[in-house]
Protein chains: 2
Amino acid sequence: MPAEIIDGKRIAAEIRAEVANRVSRLNMSPGLGTIIVGNRTDSATYVRMKHKACEECGLVSFHHPLPEDVEQKTVIELIQKLNADERVHGILVQLPLPKQCNEEQVLGAVDINKDVDGFHPVNIGRLAMKNREPMHVPCTPKGCIELLKRSNVQIHGKEAVILGRSNIVGLPISLLLLKNNATVTICHSGTPDMAAQTKKADIVVAAIGSAAMVKKDWIKPGAVLIDVGINSVPDETSKRGYRLVGDIDTKACEEVAGMITPVPGGVGPMTIAMLLQNCVTAAERTVES
Amino acid sequence: MPAEIIDGKRIAAEIRAEVANRVSRLNMSPGLGTIIVGNRTDSATYVRMKHKACEECGLVSFHHPLPEDVEQKTVIELIQKLNADERVHGILVQLPLPKQCNEEQVLGAVDINKDVDGFHPVNIGRLAMKNREPMHVPCTPKGCIELLKRSNVQIHGKEAVILGRSNIVGLPISLLLLKNNATVTICHSGTPDMAAQTKKADIVVAAIGSAAMVKKDWIKPGAVLIDVGINSVPDETSKRGYRLVGDIDTKACEEVAGMITPVPGGVGPMTIAMLLQNCVTAAERTVES
Ligand SMILES: NC(=O)C1=CN([C@@H]2O[C@H](COP(=O)(O)OP(=O)(O)OC[C@H]3O[C@@H](n4cnc5c(N)ncnc54)[C@H](OP(=O)(O)O)[C@@H]3O)[C@@H](O)[C@H]2O)C=CC1
Ligand SMILES: NC(=O)C1=CN([C@@H]2O[C@H](COP(=O)(O)OP(=O)(O)OC[C@H]3O[C@@H](n4cnc5c(N)ncnc54)[C@H](OP(=O)(O)O)[C@@H]3O)[C@@H](O)[C@H]2O)C=CC1
């Protein structure tokens, strides 16, 4: 029996509808302040998608494009202004930053209450710690957990293997799975036999950025596979000359897995849905307090 | 061939000598401010041991005992005073705190530069994150890594299994092993088959608080075993009526392991040695800056 496909697009749409509903019950519009430094077209596209999603769900966005050669001081001053701005409930600094800006110092300037990306070290620290809760959880990892929960996958007591340990995906998803009482194994470029590690997993999260690296014979029959990877591979049959694939060899792994997220249409749509969710939560908290 | 014993007492003495040497090269005495709330005899013993160790290595300590029923506000005001006190380079709040004191809020008040226990969420967050470094690393976990390094155990590429995920031991040691490029598996009370997990490990860290729970048949031949557990078991042959044992069934596991830390005399002595090391580092930083 081929694996059940986890439909991220459908689940993300469900969450956006929930967000729109929560917004409609507030007497104000949650606001997202976005900062983008420089002219990277991929960053511009991501931010545009986020603005569009905000608008559709009743959030307002305040966009702050800054020139490629802006001083770090100026970026931090802008963040401080947004920290103080009552119309802004969430702040998003689009990564990567140009080299004159120190990512740690810039992200560390965001008020943890408005840190809707969940990248502030206090929020990561609380995510890591038992009996602590961050103000916000990073969006892509949170989206992975939502996909599991809304697909009725039990996490508690399961063996989860995470491929990748980046600050924005692999590490926080590992911490989240641990908080949900999985037994967690974290693999990375220093892992000698990733196939053997993956083979024992009930839940696999692949976040390595390597096209179709995870093969069918890495997978335990019935395992749940979450594919975070987004890789473009040449494809002459496509108008654009390329197509997007994940870190998992989907077609082959479908034959053994229990459930699998497709690329595109799996984790991808969840990231923005979680950003909206974090923003409306931040806005609700200001109302409550 | 029986396992090599990792002599924590000897290694800790070596580190204390290094600390004393570093202190002698400073034009001042590093200062440790200690806070203890209430009258727990175990806490009093621990703090006394820390003071004694400070004295032996040329550090001064400033002790602040507070009554069991002190208000949290008073504890935090004291921390703020110590944060501002130039003679104090490290601050230690002995845990556990009585219930009227919120551990998160109290520990969060310590200046991260003086957080020689490494428990501040910013320091834990930085410990978790790639390319970030905490101001200080928690003492017991840091001691475990020192034991491995000074015993020439390679960590990079090895499979490390950690039993326990507490904020003060299991979690930070997992993060440290990950930073040192081990493939890391974290087990806890929700792990169904801890024996099977442990069996695959090149490096086992046991921090569960359950006397001699880790058995010989859990161990892969040649594995390195770090026993953090300190458990007292009844013993009529002892004057005190009890003796201390670790989380590992040492005698039996010695027959298969490659290296093992004894209890007592393994990880135990390292904790205070690392506290001294963190303190002198904090003092050196104030001189450098
Ligand atoms: N769906 C979404 O919304 C999002 C998707 N992504 C996608 O997810 C993927 C991962 O992104 P990100 O975490 O930012 O990437 P990074 O490059 O920051 O991290 C990659 C991680 O994978 C590990 N790794 C890389 N190559 C190998 C290998 N051959 N064997 C074992 N481990 C390896 C690295 O190990 P080491 O640490 O040792 O270097 C690192 O931990 C990318 O394809 C990215 O496009 C990212 C964010 C959002
Ligand atoms: N040598 C030294 O200097 C120090 C020694 N210690 C000793 O280390 C040990 C651990 O201390 P600490 O981390 O503070 O203890 P905690 O009680 O805070 O944490 C124990 C951890 O072990 C897990 N655990 C407990 N029982 C089991 C079980 N039967 N099966 C699987 N997992 C289990 C718990 O899981 P869950 O999270 O699911 O509850 C938890 O993560 C103790 O013996 C303590 O005395 C501690 C500090 C310093």
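Q: What makes the side chains along strand β9 (residues 231-234) of chain A an alternating set?
A: Asn231(A) and Val233(A) point to one face of β9(A) and are buried, while Ser232(A) and Pro234(A) point to the other face and are not. Buried stands for under 20% relative accessible area, so Asn231(A) and Val233(A) fall below that cut-off. Please keep in mind that this is a predicted model.

Q: How do you know that β9(A) and strand β10 (residues 242-245) of chain A pair, and in which sense?
A: Two strands count as paired if there are at least two bridges between them. β9(A) and β10(A) have four bridges, in the antiparallel sense, so they meet the criterion. One of the partnerships links Val233(A) with Arg243(A) in β10(A).

Q: Which way do the side chains of strand β7 (residues 203-206) of chain A point, and are they buried or exposed?
A: Ile203(A) and Val205(A) go one way, Val204(A) and Ala206(A) go the other way, and all of them are buried. With buried set at under 20% relative accessible area, each of these four β7(A) residues is therefore under that limit.

Q: Which strands pair with β7(A), and what makes the pairing count?
A: Strand β5 (residues 159-163) of chain A is joined to β7(A) by four bridges and runs parallel to it. Strand β8 (residues 224-227) of chain A also pairs with β7(A) in the parallel sense, over four bridges. The threshold is at least two bridges, so both pairings qualify. As for individual positions, Leu163(A) stands opposite Ala206(A), and Val204(A) stands opposite Leu225(A) in β8(A).

Q: How many strands does the open sheet have, and what is their order?
A: There are 12, ordered β1(A)-β11(A)-β8(A)-β7(A)-β5(A)-β6(A)-β6(B)-β5(B)-β7(B)-β8(B)-β11(B)-β1(B), and the pairing is mixed.

Q: Why are β1 (4-5) of chain A and β1 (4-5) of chain B called edge strands?
A: Each of them pairs on one side only.

Q: How do you know that β5 (residues 159-163) of chain B pairs with β7(B)?
A: Four bridges join these two parallel strands, and at least two are needed. Val161(B), for one, has Val204(B) as its bridge partner in β7(B).

Q: What makes helix α6 (residues 139-150) of chain B fit its expected length?
A: α6(B) has 12 residues and spans 16 Å from its first C-alpha to its last, close to the 16 Å expected at 1.5 Å a residue. Just after α6(B) comes Asn152(B), with a positive phi of about 55 degrees.

Q: Why is α6(B) called mostly covered?
A: Of its 12 residues, 10 are buried. Among them are Cys139(B), Pro141(B), Cys144(B), Ile145(B) and Leu148(B). The buried residues pack against α1 (8-24), α7 (170-179), β7 (203-206), β8 (224-227) and α10 (268-288) of chain B.

Q: What makes helix α7 (residues 170-179) of chain A mostly covered?
A: Nine of its 10 residues are buried, including Gly170(A), Pro172(A), Ser174(A) and Leu178(A). Asn181(A) follows α7(A) and has a positive phi, near 70 degrees.

Q: Why is the site of ligand 1 called shared?
A: Residues from chains A and B surround ligand 1, so the site is shared between chains. Of the 21 residues around ligand 1, those that come nearest are Arg165(A), Ser166(A), Ser189(A), Thr271(A) and Lys130(B).

Q: How do you know that Arg165(A), Val228(A) and Thr271(A) make polar contacts with ligand 1?
A: The test is a pair of N or O atoms within 3.5 Å. An oxygen atom of ligand 1 lies 2.8 Å from a side-chain N or O atom of Arg165(A). For a polar side-chain atom of Thr271(A) the distance to a ligand 1 oxygen is 2.7 Å, and for a polar backbone atom of Val228(A) it is 3.4 Å. These pairs therefore pass the test.

Q: What makes the site of ligand 2 a shared one?
A: Ligand 2 is surrounded by residues from chains A and B, so its site is shared between chains. There are 21 residues around it, and the closest are Lys130(A), Arg165(B), Ser166(B), Ser189(B) and Thr271(B). An oxygen atom of ligand 2 is 2.5 Å from a side-chain N or O atom of Ser166(B). For backbone atoms, the distance to a ligand 2 oxygen is 3.4 Å from Val228(B) and 3.0 Å from Ile230(B). With the limit at 3.5 Å, these three residues therefore make polar contacts.

How values were computed:
Residues are numbered from 1 along each chain as its sequence is written. Chains are lettered from A and ligands numbered from 1 in the order in which they are written. This is a predicted model: local features need pLDDT of at least 70, side-chain atom pairs count only at pLDDT 80 or more; totals for chains, interfaces and linings use all residues. Side-chain values use heavy atoms; hydrogens and water are left out. The expected span of a helix is 1.5 Å times one less than its number of residues. Buried means under 20% relative accessible area, exposed over 50%, partly exposed in between (1.4 Å probe, protein chains only). Contact means heavy atoms within 4.5 Å. A residue is near a molecule or strand if one of its heavy atoms lies within 4 Å of it. A polar contact is a pair of N or O atoms within 3.5 Å; within protein, one must be able to donate a hydrogen and the other to accept it, and residues adjacent in sequence count only if both atoms are side-chain atoms.
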